[in-house]
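This report looks at the enclosed and open spaces of one protein model, and then at the residues and helices that pack around them.

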Amino acid sequence: MSAGDVFVIPCLSDNYTYLVRCHETGTTAIVDPGEAGPVISALEDRGWSLDIVINTHHHNDHIGGNAELITRYGAKLIGPKAETMRIPGMDQTVAEGDEVMMGVLSGQVFDVPGHTSGHIAFYFPAVSALFSGDSLFALGCGRLFEGTPAQMWQSLQKFRNLPGETLVYCGHEYTQSNARFAATIETGNVALKARCAEIDDLRARGIPTIPSRMDKELATNPFLRADHASVASDLGMEGATATEIFAEIRGRKDRF
């Protein structure tokens with residue numbers, strides 16, 4: 001039995017924010033609230049208050065609800081140490097190797113620069129949850145607004161040793177578009193073809209594709225597979241480094 005629950009809350013046009021509840025203590029947190037309204041509704045529906053707000057990076061579609069939620073509930077704000085000057089009012093700043101406590105749920109912090117220079121992610125093993133923000137997406141990764149391909153490739157590799165059953169809670173519902181792109185990169189990947197069909201079915205029924213699973217990402221996400229021979233072969237880049245292949249895939253996605 002899980003030590004807590006994670007609830008997916010759609011917000012803005014295609015963002016997700018995540019309500020996390022510790023069973024033992026009742027401590028409740030929200031991850032990357034792009035707006036306050038849907039979070040308040042979710043809390044009121046359950047009769048809960050809010051103890052913690054967690055941010056992965058400074059973009060407004062991930063922090064836009066911070067101020068209203070903190071004012072309303074007196075919640076504590078936790079976010080990336082490297083973005084202290086870009087996220088107002090943080091009570092606790094964290095970086096690689098730090099621990100975040102959510103009741104009795106312990107979260108490991110990863111530094112994952114690439115999308116932004118100070119982006120972080122949180123892994124809570126007791127609920128098998130990775131909150132990846134805009135670093136790792138289902139079948140994708142974030143645009144490199146402030147980092148390099150080498151940085152993002154190194155960042156994503158930090159996730160590859162997580163247990164296969166780890167649930168990936170990312171920042172956006174981009175999966176269907178990502179799937180269409182992924183199918184152009186690794187054309188012979190049978191698992192990817194099956195996953196594309198599954199995603200199309202979910203979206204046709206209005207069902208979120210998030211969370212994903214880490215084992216599915218490792219088998220089908222081209223951005224995690226830049227060091228696989230099958231990807232190099234499909235791109236005609238045999239002999240290239242994984243970083244070079246990753247950069248090529250990211251460039252193609254930017255133009256897709």
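## The enclosed cavity

In this predicted model, a search of the whole structure finds one cavity of 30 Å³ or more, and the volume of the largest cavity is about 30 Å³. Its lining is made up of Tyr-16, Tyr-18, Val-31, Asp-32, Phe-131, Ser-132, Gly-133, Tyr-169, Cys-170 and Gly-171. By class, six of these lining residues are nonpolar, three are polar and one is charged.

Three strands, β2 (15–22), β10 (129–133) and β13 (167–170), each supply at least two residues of this lining. The largest share, three residues, comes from β10.

## Ser-132 in the cavity lining

Ser-132, one of the residues that line the largest cavity, has its place in strand β10. With a relative accessible area of 0%, Ser-132 is buried because that value lies under the 20% cut-off.

When neighbours within four places in sequence are left aside, Ser-132 is in contact with His-119, Ala-121, Val-168, Tyr-169 and Cys-170. Among the residues of the cavity lining are Tyr-169 and Cys-170, both of which are contacts of Ser-132.

## The largest pocket

The largest pocket has a volume of about 240 Å³. It is lined by 15 residues, of which His-115, Phe-137, Gly-142, Arg-143 and Tyr-174 are the closest to its centre. Divided by class, the lining of this pocket has four nonpolar, six polar and five charged residues.

Helices α5 and α9 (242–255) each supply at least two residues of the pocket lining.

## Helix α5 and its packing

The buried residues of α5, which contributes to the pocket lining, are Thr-175, Asn-178, Ala-179, Phe-181, Ala-182 and Ile-185. These buried residues pack against two strands, β11 (136–137) and β12 (140–141), and against the helices α6, α7, α8 (229–235) and α9. The helix α9 is thus named both as a packing partner of α5 and as a contributor to the lining of the largest pocket.

## Helix α6 and its buried side

Helix α6 spans residues 190–204, and its 15 residues reach 22 Å from the first C-alpha to the last, close to the 21 Å expected at 1.5 Å a residue. Its buried residues are Leu-192, Arg-195, Cys-196, Ile-199 and Leu-202. Because these residues cover an arc of only 130° around the axis, they lie on the same side of α6. On the other side of the helix, Val-190, Lys-193 and Ala-204 are exposed.

The partners of the buried residues of α6 are α5 (175–185), β14 (212–213) and α7 (214–220). The packing between α5 and α6 therefore appears from either helix, since α6 is among the elements against which the buried residues of α5 pack.

## Ile-87, a buried loop residue

Ile-87 has its place in the loop between β5 (76–80) and β6 (92–94). At 2% relative accessibility, Ile-87 counts as buried, because the cut-off for that class is under 20%.

Apart from neighbours within four places in sequence, the residues in contact with Ile-87 are Asn-55, His-57, His-58, Ile-63, Asn-66, Leu-77 and Pro-80. The C-alpha atoms of Ile-87 and Gly-251, which are 164 residues apart along the chain, are separated by 29 Å.

Technical notes: Residues numbered from 1 in each chain as written. Predicted model: local features only at pLDDT ≥ 70, side-chain atom pairs only at ≥ 80, totals over all residues. Heavy atoms only, no water. 1 Å grid on protein atoms, 1.4 Å probe; cavity = no way out; pocket = protein on both sides within 12 Å on 5 of 7 lines; lining within 4 Å. Points joined across faces, edges and corners; volume = space filled by probe spheres on them. Helix = DSSP H or I, 4+ residues; strand = E, 2+ residues; numbered from the N terminus. Nonpolar A, V, L, I, M, F, W, Y, C, P; charged D, E, K, R; others polar. Expected span 1.5 Å × (residues − 1). Buried < 20%, exposed > 50% of the residue type's maximum accessible area, 1.4 Å probe, protein only. Arc of directions from axis to C-beta. Contact = heavy atoms within 4.5 Å.
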